[in-house]
Amino acid sequence: MRRSGLRLVKISGWIAGVGAWCVLGIACGGAPRPGDPLQRLTEEERQRFEDGRKVFERRFAASEGLGPLFNAEGCAVCHAEPAVGGSSAIAEVHATRFFESGDCDPLFQEGGPVIQQRATEALREFGIEKEAIPPSATGQGLRSSPPLFGLGLVEAIPEATIVANADPDDADGDGISGKINRFIDGRLGRFGRKAFLATLADFNAGAFPLEQGLTTPLQPVEETVNGTPVPPESDPVPEPEVPLHDVEAVIDFVRFLAAPPRDKSSRQDVLRRGARLFESI
């Protein structure tokens, strides 16, 4: 990650620090553990968090709409370490087409940048085991699942604060030209590949079809096989396969996930050295 991205994370933890963290109930009470909700949530917000956890931990079957192309049966398959909402060693395949200008084509016409690696039995009967790397791709790589802890804090950072910390022309002379990214409709990007997506709602709603092959009211059409529609017989469950309230519940779960505290068992000299290394990257 470019240091510009690290700066944005530091805004919520240090610059916006006491104000933002106390409002959200992090630093003003006991330290949460990984997977815990933000403290000082209302009873209604805590219930939304718990409802979202149930959907997040659910493992879907093909008879419930999984696939026919997918990477995992549920959100928590890839976001489980050290607790639900965390990371994992599971890696997915991404592909793109690079241009000499430095821009890239996400290859939506050939199935998009996320290459689904698994198929349901019904789709395998058509000889399709997984999605192929698009023919137009000039680059590919592996992407591990990022932890989701504290992303609600990132979403809470005022846009003006992020814009003010951008330095596209390296005006301060530190050798870093930190840039902001914007979604196709102009909204400030914060999440996903190169901070392309503007909100957690965008980020999470897209994971249902891309990672699990589950259609929702927000995206009621099945993903393709490299741009070609899946055989109808391979997807017998009517669309949408996941109701909107389940999608919204998962968004609430991620939004209310607390950021893990710094390990208090570590020596202060170790923490200071880690902070210096963090700054030097």
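Modeller: A cavity here is a set of points on a 1 Å grid over the protein atoms alone where a 1.4 Å probe fits but cannot get out. Keep in mind that this is a predicted model.

Colleague: Thanks! With that in hand, how many cavities of 30 Å³ or more does the structure hold, and what is the volume of the second largest?

Modeller: The structure holds 2 cavities of 30 Å³ or more. The second largest of them has a volume of about 30 Å³.

Colleague: Which charged residues line that second largest cavity?

Modeller: Its lining includes Gly 67, Pro 68, Leu 69, Pro 209, Gly 213 and Val 230. By class, the lining has 4 nonpolar, 2 polar and 2 charged residues. Glu counts as charged, so the charged residues in this lining are Glu 222 and Glu 223.

Colleague: Pro 68 caught my eye. Which residue does a cis peptide bond join to Pro 68?

Modeller: Pro 68 sits in the loop between helix 3 and strand 1 (69-70). The peptide bond leading into Pro 68 is cis, with omega near 10°, and it comes from Gly 67.

Colleague: And which residue is joined by a cis peptide bond to Pro 240?

Modeller: Pro 240 is found in the loop between helix 8 and helix 9. Here omega is about -10°, and the residue joined to Pro 240 is Glu 239.

Colleague: On to the interior. Which helix gives the most to the largest nonpolar core?

Modeller: This core has 36 residues, and Phe 56, Leu 148, Leu 151, Phe 208, Phe 253 and Val 254 touch the most other members. Helices that each supply at least two residues include helix 3 (43-57), helix 8 (200-212) and helix 9 (244-255). With 6 residues, the one that gives the most is helix 9.

Colleague: Which residues does Phe 208 touch, leaving out those up to four places away in sequence?

Modeller: Phe 208 is one of the core members that touch the most others. Beyond four places in sequence, Phe 208 touches Val 55, Gly 213, Leu 214, Thr 216, Val 242, Asp 246, Val 247 and Val 250.

Colleague: As someone who thinks about reducing agents, I have to ask: how many disulfides are there?

Modeller: A disulfide is a covalent bond between the sulfur atoms of two cysteines. The cut-off used is a pair of sulfur atoms within 2.5 Å. The sulfur of Cys 75 is 9.0 Å from the closest cysteine sulfur, in Cys 78, which is too far for a bond. The count of disulfides comes to 0.

Colleague: Is Leu 107 buried or exposed?

Modeller: Leu 107 lies in the loop between strand 3 (104-105) and strand 4, and has a positive phi of about 60° although it is not a glycine. Buried means under 20% relative accessible area. At 0% relative accessibility, Leu 107 therefore counts as buried.

Colleague: Where does Ala 195, with its positive phi, lie?

Modeller: Phi of Ala 195 is near 50°, again in a residue other than glycine. At 23% relative accessibility, Ala 195 counts as partly exposed. Its place is in the loop between helix 7 (159-164) and helix 8.

Colleague: Last one: what separates the C-alpha atoms of Gln 117 and Glu 131?

Modeller: Gln 117 lies in the loop between strand 4 (114-115) and strand 5 (118-119), and its contacts beyond four places in sequence include Glu 131. The two residues are 14 residues apart along the chain, and their C-alpha atoms are separated by 6.1 Å.

How values were computed: Residues are numbered from 1 along each chain as its sequence is written. This is a predicted model: local features need pLDDT of at least 70, side-chain atom pairs count only at pLDDT 80 or more; totals for chains, interfaces and linings use all residues. Side-chain values use heavy atoms; hydrogens and water are left out. A nonpolar core is a set of buried Ala, Val, Leu, Ile, Met, Phe, Trp, Tyr and Cys residues joined through side-chain atoms within 4.5 Å. Buried means under 20% relative accessible area, exposed over 50%, partly exposed in between (1.4 Å probe, protein chains only). Helices (H or I, at least four residues) and strands (E, at least two) are DSSP runs, numbered from the N terminus. Contact means heavy atoms within 4.5 Å. On a 1 Å grid over the protein atoms alone, a cavity is a set of points where a 1.4 Å probe fits but cannot get out, and a pocket is an open set with protein on both sides within 12 Å along at least five of seven lines; lining residues have an atom within 4 Å of a point. Grid points are joined across faces, edges and corners, and a volume is the space filled by probe spheres set on the points.
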